[in-house]
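Work through the exercises below with the sequence and the coordinates at hand. Each task is followed by a solution in steps.

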Amino acid sequence: MSRPSIPENYSKSDMATGYLINGKDHTRQPRPGQCLRTFLRELGHFGVKKGCDTGDCGACTVLFDGEPVHSCIVPAFRANGHAITTIEGLAGGSDLHPVQQAFLDAQAFQCGFCTPGMILTCASLNQRQLKDLDTALKGNICRCTGYRAIEDALNGKTNVETVTGGIAFGRSLAAPAAPQIVRGAARYAFDVEVADVLHIKLLRSPHPHAKIIAIDKNAALAVPGVHSVLTFEDAPTTLFSTARHERLTRNPDDTRVLDNIVRFVGQKVAAVIAETESAAEEGCRQVGVTYDLLTPVFDAEIAIAGNALAIHGDKIVENRISDPKRNIIAEIHGEFGDVAEALAKADVTYEGVFNSHRVQHGHLETHGGLAWVDADGVLNVRSSTQTPFLTRRGLAQIFDLNPERVRVFCERVGGGFGGKQEMFVEDILALAALKTGRPVKLEFTREEQFTSASTRHPMRVAVKAGADKNGLLTALQIDVLSNTGAYGNHGRSVLFHACSESMGVYRCPNKKVDAVVAYTNSLPAGAFRGYGLPQTIFAVEAAIDELAEQLGLSPYEFRLRNVIRPGDPILSPPGPHHADIMYGSYGLDQCIDLVERSMRTGDALTGLPKEWLVGDGIALTMVTTAPPDGHIADARITLRDDGYFDLVVGTAEFGNGTSTVHRQIAASELMVTVDRIHLRQSDTANGGHDTGAYGSTGVFVAGLATQAAAQRLAEDLRAFAAVQTNINPDLCSLDNGSVVCGDYRLTFFQLAAAAQAEHKTLMANGNSTGTPRSVAFNVQGFRVALNKNTGEIRILKSVQAADAGVVANPMQCRGQIEGGVAQSLGATLYEELLIDDRGQVINPKLREYHFPSYADVPRTDVYFADTKDAIGPMGAKSMSESPYNPVAAAIGNALKNATGIRFRDTPFKPDKLFPALQEKFGAA
């Protein structure tokens, strides 16, 4: 690898008073105590990202005299006299450095936030280091890809197809932002210079439950540079939910911008607004708060028992909280048939209690944004969000503004995984911008991300199941207790989702669900990849395996006998059955078969010492392709004067790949190459509406809107060309950037010129309402080895088969599956957000939490069922969050197969497994 170096004619004395950055001398001096990362960003090098500020993630990597360093922990003054290379300067005078080109060819990224740092580290590696990537890449985290594509890049593998004529849909085409991502030129929330900006820092509660009696601002306001201090006395009293859904009825109204009651350690108490971040931080330290401490409750069982203090006792049922006095947000109780009788008559039964823990989303770009009021009086919010349109609606409601006077937008988003289907910062940004009249900025630290954002819902799931001697399920029951923490944002919806597809995927005449979601004085839980299903699947799939074992059936055969088939009702208590769910296509049987065949292949296991036990396990998941109760997307496509097209969609891009697929859909309908589709997205100023990029709807719902718009424009182009040529429109067809009418061929450029001459705009709109919905399926298989003396787990084989309909972009879809498996493995094996008995998060740093690194993640073999969906765009189905869902269950089943022990609590850390292993196998 070639490394940028100090020019030969550049001496140390030349650099004594300056900084050599990307081959250019800078005389600007850093502030005392400033780190190199912020210094470089202030000089306009936005490819240097902030992911942790503790040297743990590598997003801020730069080359320091050719060696990779984490610039967030390097004092800026130490760069004096040294050559610094950022991603923007890596190629020197060339278009792309070879490693940048390799990442482009392999498409070795998804959201792209980590990519500049990853490329710089890879560009610095020598041949010895390239042979030990586990060590060489340990300082760079990627949360999206699962690392296989990064390995492909370093091995010189090309995954992307060349843009050529023909149908674009179904091909492995590059992301439209790919060249910008590898250059570090893709813009995320804070990659913009804003003049006269004020900085916001939040004072947060040290108590899990308290009433604020008084707040003294005087000392804070006396800090030089502090502009203002905002508290609950300065904020609207409107109740709302941070959760973003199309239908407000899905969320409890239990949150205020700033509240006089704090309900968890880390809740925001005041916003200090200052000229600099350091002044705002000092202002926070000087705010005086008098609290009246209230009794907290952290255990969900105790919270709903009836004797605990009501956490939201000031709310009423009309706030969409089922029983605020008992800390119950929502509950489900329903039954089909008679489960108790069926269990009594079953030939085999199983019951067990399973516990799933808190995990953090870990998107490398933290929550944050900028806000300002422009010259026209419009409130602008530039945010890292999955839901710009719903966030605009929320801000208009809270601040009593006309929605037309609010603009919310994002450029590229640095990962989401459901965590940005929330309004955690935009309300404070809007309040500060409206109060100060100046641009304002709020960016969470990584510690705030751990202590003050949201997590996955911890759940306790009790399962009971029974089957007859013929291998048919006769009873299936779950009892769920979900802990939503201090605020209910997604609590109701996650509970309902958790109890739906996990039960509905199996045919069974007797089913029962009892489920409750409880408030506690803990960090709030929210939307997280899988949306509750991984927690319930962990229990249900264990029960399925246990029944199969008792019956002497393989786990594959038992599932094939009991999964739903086309024509079967998809039933999960308490109903009612959603009439809009249809079998647009069905490939679950193929997925089971693909995994079984793959798991039977491979080299014979040799060389493992006798203390290593080996086992196989599988699990499956079903997901509906859109949330219930409506998910709306609009699209607009216009023929430009140059014969190219502008496509406007509302859905955001955060590594989900929707930007690529939308262009592929439009290009296929208009018979052009994807480079002729120019995409504009995720900006409420563009008009239309989009519920948001969540629930894997970016392709299935928003893609349908794009397809509808492109189809209508194709019809209009044929009709317009028919008039120009005096040919029957039925004889006109689109072909390679032209409309062919008989013997005439009119290019789109010619049609645009003709339309302009007639003062016409050739433009069409498309809409999708998210209904009807289809179903998609994933089956995961693992072969694991477990050391019975230590509890260490190694993944020997990982395979997942997916029913994604017609796969829109095989390269991208494979990456989504690999990334989902990798993230879920982290949550299953070692990631765990720990809260002590005072409600305090005790591991709020990356190095204390353990995201999967390159060395941690096995390569997953990915297979696709051969199906074509009758509902989805061009036959495609959702495939973004569902790959995450069956991983914990499949690992649990593999561990049972290896050891004979059913481990019921995640994560499967060695210290948690060790007691049961020692009890069964004895000491080493």
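A residue counts as buried when its relative accessible area is under 20%, as exposed when that area is over 50%, and as partly exposed in between. The model used throughout is a predicted one.

**Exercise 1. Classify both partners of the salt bridge between Arg382 and Glu411, and place them in the chain.**

Step 1. The closest N and O atoms of Arg382 and Glu411 are 2.9 Å apart, and the cut-off for a salt bridge is 4 Å.

Step 2. Arg382 has a relative accessible area of 5%, so Arg382 is buried.

Step 3. For Glu411 the value is 36%, which means that Glu411 is partly exposed.

Step 4. Arg382 belongs to strand β15 (residues 379-383), while Glu411 sits in the loop between β16 (406-409) and α13 (426-436); the pair therefore ties together parts 29 residues apart in sequence.

**Exercise 2. Treat the salt bridge between Arg559 and Glu541 in the same manner, then describe how α18 packs against α19.**

Step 1. Here the closest N and O atoms are 2.9 Å apart.

Step 2. Arg559 is in helix α18 (residues 555-562) and Glu541 in helix α17, with their positions 18 residues apart in the chain.

Step 3. The relative accessibility of Arg559 is 0%, so Arg559 counts as buried. Glu541, at 2%, also counts as buried.

Step 4. Helix α18 packs against helix α19 (residues 588-599) at about 175°, and their axes are 10 Å apart. Angles over 145 degrees count as roughly antiparallel, so α18 is roughly antiparallel to α19.

Step 5. On the α18 side the contact is made by Tyr556, Arg559 and Leu560; on the α19 side by Asp589, Ile592, Val595, Glu596 and Met599.

**Exercise 3. Where in the chain are Asp191 and Lys49, and are they buried or exposed?**

Step 1. The side chains of Asp191 and Lys49 form a salt bridge, with 2.5 Å from N to O.

Step 2. Asp191 lies in the loop between α7 (178-183) and β6 (198-204), and Lys49 in the loop between α1 (36-42) and β3 (61-64); the two are 142 residues apart.

Step 3. Both residues are buried.

**Exercise 4. Test the length of helix α26 and decide how far it is enclosed.**

Step 1. Helix α26 (residues 887-899) has 13 residues, and at 1.5 Å a residue it should span 18 Å. The expected span uses one less than the number of residues.

Step 2. The end C-alpha atoms of α26 are 18 Å apart, in agreement with that expectation.

Step 3. Of the 13 residues, 12 are buried, so α26 is largely enclosed by the rest of the structure. Among the buried ones are Val887, Ile891, Asn893, Leu895 and Lys896.

Step 4. Just after α26 comes Gly900, with a positive phi of about 80°.

**Exercise 5. How many residues does the largest nonpolar core have, and which helix gives the largest share?**

Step 1. The largest nonpolar core has 96 residues. Helix α17 (residues 533-551) supplies the largest share, 10 residues.

Step 2. Ile478, Leu588, Phe782, Ile793, Ile891 and Phe908 have the most contacts inside this core.

Step 3. Leaving out residues up to four places away in sequence, Leu588 touches Val505, Val563, Leu620, Phe777, Val779 and Asp803.

Step 4. Another core lies apart from it and has 60 residues, including Cys122, Ala136, Ile141 and Ala822.

**Exercise 6. Locate the cis peptide bonds before Pro772 and Pro907, and the positive phi values of Ser682 and His759.**

Step 1. Most residues other than glycine have a negative phi, and most peptide bonds are trans.

Step 2. The bond joining Thr771 and Pro772 is cis, with omega about 0°; Pro772 is in the loop between β28 (763-768) and β29 (775-787).

Step 3. The bond from Thr906 to Pro907 is cis, with omega near 0°; Pro907 is in the loop between α26 and α27 (910-921).

Step 4. Ser682 has a positive phi near 50° and sits in the loop between β24 (677-681) and α21 (697-700). At 1% relative accessibility, Ser682 is buried.

Step 5. His759 has a positive phi near 60° and lies in the loop between α23 (748-757) and β28. With a relative accessible area of 78%, His759 is exposed.

Note on methods:
Residues numbered from 1 in each chain as written. Predicted model: local features only at pLDDT ≥ 70, side-chain atom pairs only at ≥ 80, totals over all residues. Heavy atoms only, no water. Helix = DSSP H or I, 4+ residues; strand = E, 2+ residues; numbered from the N terminus. Buried < 20%, exposed > 50% of the residue type's maximum accessible area, 1.4 Å probe, protein only. Core = buried A, V, L, I, M, F, W, Y, C linked by side-chain atoms within 4.5 Å. Contact = heavy atoms within 4.5 Å. Axes fitted to C-alpha atoms, helices over the stretch in contact; angles between N-to-C directions. Parallel < 35°, antiparallel > 145°, perpendicular 65-115°, else oblique.
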